[in-house]
There are 2 protein chains.
Amino acid sequence: MLHMPSDPRQRRAARHAQPSGDLAAPSSPKMPITVDRITDAALQVVATEGYDALTIRRIAAVLGTGPSSLYAHIVNKDDIDDLLVGRLCSEIVLPEPDPATWRTQILDAYAQIRDQYLKYPGISRAALGMVPTNLDTLRVREGLFAILLAGGIEPQTAAWALDALSLYVSAYALEQSLARQRRKHPDDEWVLGHEELLSRFTALPADTFPHTRRYAAELTSGTGNDRFRFTLGLIINNLSRPQPSSGTQHDR
Amino acid sequence: MLHMPSDPRQRRAARHAQPSGDLAAPSSPKMPITVDRITDAALQVVATEGYDALTIRRIAAVLGTGPSSLYAHIVNKDDIDDLLVGRLCSEIVLPEPDPATWRTQILDAYAQIRDQYLKYPGISRAALGMVPTNLDTLRVREGLFAILLAGGIEPQTAAWALDALSLYVSAYALEQSLARQRRKHPDDEWVLGHEELLSRFTALPADTFPHTRRYAAELTSGTGNDRFRFTLGLIINNLSRPQPSSGTQHDR
DNA sequence: CGCTTGCGACGAACTAAGTTCGAGTGCTAG
DNA sequence: CTAGCACTCGAACTTAGTTCGTCGCAAGCG
């Protein structure tokens, strides 16, 4: 039986390289530690305890072993991020591009990504730092890119819009995760519900914070989802229309 | 002489509370450790070595003391983030809102914020997790909000756009910082320049990555600044126009 | 059939970092 | 002058990422 490279660095490189002929070896009949099992364990930890609780020792404990046992399969902890994001991306289902409904297609796809991120709280932090050559993220990018192009968007505009949307969605998920985490961690008084935030704003001095005070209701209104759809709509709606020259040139 | 509360928790709370009558005590004639000196030292560390190198011990070393000496002034390390973001925000200069030039005013203000973030690499990570009651961030928000309102934007739209823009700028700065950091850290082969990224894209299999391959030039084109201005323009240009109803409702 | 060899598993240990403890120190009020 | 208090700081505790050296097992080989 042909073995994979024993050096985990080479394995990581192999994961980032284009898919060559040799597929990943199927798991042995026994119960050895594999990259897949590590990924499963890590995802389980993140789903139940959040990304901050994701430690090498925690993963090893789920697998019933010690921390050093993982280092035959991973390079370092960053490698785990790679695996997690890869797994998440692989579960994104992308539609066949349809020029008639490309807006909702994009919106739905990003909502899917957002839901994945929120399902694994804090994991978007890993996605933000991901090297852009990860194969699974490239697959998703390709799919989203195809939808935009089918919508008649200029390739250059589509490419940059892709960046903007992806970045925003990651940041949005990260912020949401952090907020929810704080809400579950009421050790300090830093947990602010909607009403408390509103009352804080209205209690601000009117001379230095006139607008924040006056429009406190607007500033604190809307669910996370409302704001998400608003922003994506803002970006998407501006794509297919000719950009009015208003001091901002973005042609090239 | 009246002393501040001895418990650093109360001091932190005091920093977040609205500015009451008692101003912070001026520094003693000698050379004691103060919150300001801690902030200075921390900023210096971040500017020269990046946010990842910001440790309690490193700050203490800059101040010529041990790590425990700081805990009389800060609650924990998160508190340092608070101080840093506060300092950064306090250096943002906001223009008097001008209805005629509100677009460039917003763009310039966010460019200022972006430059601050990039000057202290990785610090935007702290900004992303910041509690929204930080007084200094509120000041900046108030100023930006005022500009949008002066531009005739609906309060609700302005409030949500503020969120979207701030989130994007933070995420943008974080990504840029991470990328630059990787470039300076050539221990692995994960450093990808523009050309290398391009060649990677063109080397992708044409059957599964047709668009990425075909438009590799567009996908890798543009400086960070180009993309920054593009995205902000995308959002800003859509604000003052009536939102076409395209499945996205944001009223309430 | 027994020996070798090499890979994967893993206990132990090293380092770094956040945080706490408790003793010391100097300033200020009474 | 002295008591109290805030501040300082060395030492130590805890957690976490990572490495080292050993062990066991299975495949090939004589």
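This is a short talk on how two protein chains in this structure pair with each other, and on what lies around one of the DNA strands.

Let me say at the outset that we are looking at a predicted model, and that everything I describe is computed from it.

I will start with the fold of chain A, whose secondary structure comes to 12 helices and zero strands, so that, reading from the N terminus, one simply meets α after α. Chain A has 252 residues, of which 39% count as buried. If we take the contacts in chain A with a separation of 6 or more, 66% of them are between residues 24 or more positions apart.

Now to the pairing of the chains. Chain B is superposed on chain A by a rotation of 180 degrees, with 0.0 Å of shift along the axis and an RMSD of 0.0 Å, and that is the relation of a two-fold axis.

Where do the two chains touch? On the side of chain B, 59 residues are in contact with 59 residues of chain A, and the elements of chain B that give two or more residues to that side are α5, α7 (135-150), α8, α9 (194-202), α10 (210-214), α11 (216-220) and α12 (224-237). The largest share, 14 residues, comes from α8(B), and by class this side of chain B divides into 30 nonpolar, 18 polar and 11 charged residues. Because 98% of the interface residues of chain B are also interface residues in chain A, the copies meet through the same surface.

Two of the helices just mentioned also pack against each other within chain B. The axes of α5 (residues 102-119) and α8 (residues 155-184) of chain B come within 9 Å and cross at roughly 30 degrees, and the crossing is right-handed. From α5(B) the contact takes B:Tyr110, B:Ile113, B:Arg114, B:Tyr117 and B:Leu118, while α8(B) supplies B:Leu165, B:Val169, B:Tyr172, B:Ala173, B:Gln176 and B:Ser177. Taken by class, the residues of this contact are eight nonpolar, two polar and one charged.

Finally, the DNA. Which residues are closest to DNA strand D? There are 19 residues surrounding the strand, and the closest are A:Thr55, A:Ser68 and A:Asn76 from chain A, together with B:Thr65 and B:Ser68 from chain B. The surface near DNA strand D has nine polar, eight nonpolar and two charged residues.

That is where I will stop, and I am happy to go back to any part of the model.

Terms used:
Residues numbered from 1 in each chain as written. Chains lettered and ligands numbered in written order. Predicted model: local features only at pLDDT ≥ 70, side-chain atom pairs only at ≥ 80, totals over all residues. Helix = DSSP H or I, 4+ residues; strand = E, 2+ residues; numbered from the N terminus. Buried ≥ 20, exposed ≤ 12 C-beta atoms within 10 Å, placed from the backbone. Contact = placed C-beta atoms within 7 Å. Near = placed C-beta within 6 Å. Nonpolar A, V, L, I, M, F, W, Y, C, P; charged D, E, K, R; others polar. Least-squares fit on C-alpha atoms with pLDDT ≥ 70 in both. Axes fitted to C-alpha atoms, helices over the stretch in contact; angles between N-to-C directions. Left-handed = near helix turned anticlockwise from the far one by under 90°.
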